Amino acid sequence: MAFLDIKAAYDQVDRSRLWYKLLKRGVPVGFVEILKSLFDANSSFVAFTGVSSEPFPNQSGVLQGSLMSPLLYSVFIDDLVERLNEDASPVQTKLGGLLALCG
């Protein structure tokens, strides 16, 4: 049995690599530019007991709760199976096969 711990995985997505992967898969440049404007030009703030912090930029990751985030995360990790299969160790080959079946 194998488990893939993806807790807080959306927060770890390197968006510049994600945009590259989308373009590499043939997603039109204009659509990638729209996604960039949605994801790269946003900020967050912390609110506690009625007091809010100054906004700070979200420099990495895809947004929790966005309808696009699961699809974008899937594209981001899509080459994981290929990379696992590059190393011929039996455990990684089995894990790569398992991920291929799940995807």
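Here are a few notes on the fold, one helix contact and the rings around it.

1. Ground rules: this is a predicted model, where local features need pLDDT of at least 70, side-chain atom pairs count only at pLDDT 80 or more, and totals for chains, interfaces and linings use all residues. Numbering starts from 1 along each chain as its sequence is written, and side-chain values use heavy atoms, with hydrogens and water left out.

2. The protein chain has 5 helices and 4 strands, taken as DSSP runs (helices H or I, at least four residues; strands E, at least two). From the N terminus the order is α-α-β-β-β-β-α-α-α. Of its 103 residues, 24% are buried (under 20% relative accessible area, 1.4 Å probe, protein chains only).

3. Look at α1 (residues 15-24) against α3 (residues 69-77): their axes come within 9 Å and cross at roughly 80 degrees. That makes the two roughly perpendicular (65 to 115 degrees). R17, L18, K21 and L22 of α1 meet L72, V75 and F76 of α3, with contact meaning heavy atoms within 4.5 Å. The split is 5 nonpolar, no polar and 2 charged.

4. K21 also lies over the face of F76, at 4.7 Å from the ring centre (the rule: NZ of Lys or CZ of Arg within 6 Å of the centre and within 35 degrees of the ring normal).

5. There are 2 aromatic pairs (centres within 6.5 Å; planes under 30 degrees apart are stacked, over 60 edge-to-face, the rest tilted). Y10 and Y73 have ring centres 5.5 Å apart and planes at 50 degrees, so this pair is tilted. Y10 sits in the segment before α1 and Y73 in helix α3, 63 residues apart. Y73 is buried, at 12% relative accessible area.

Notes: Axes are lines fitted to C-alpha atoms, for helices over the stretch in contact, and angles run from 0 to 180 degrees between N-to-C directions. Angles under 35 degrees count as roughly parallel, over 145 as roughly antiparallel, 65 to 115 as roughly perpendicular and the rest as oblique. Ala, Val, Leu, Ile, Met, Phe, Trp, Tyr, Cys and Pro count as nonpolar, Asp, Glu, Lys and Arg as charged, and the others, Gly among them, as polar. Rings of Phe, Tyr and Trp (its six-membered ring) pair if their centres lie within 6.5 Å; planes under 30 degrees apart count as stacked, over 60 as edge-to-face and the rest as tilted. Buried means under 20% relative accessible area, exposed over 50%, partly exposed in between (1.4 Å probe, protein chains only).
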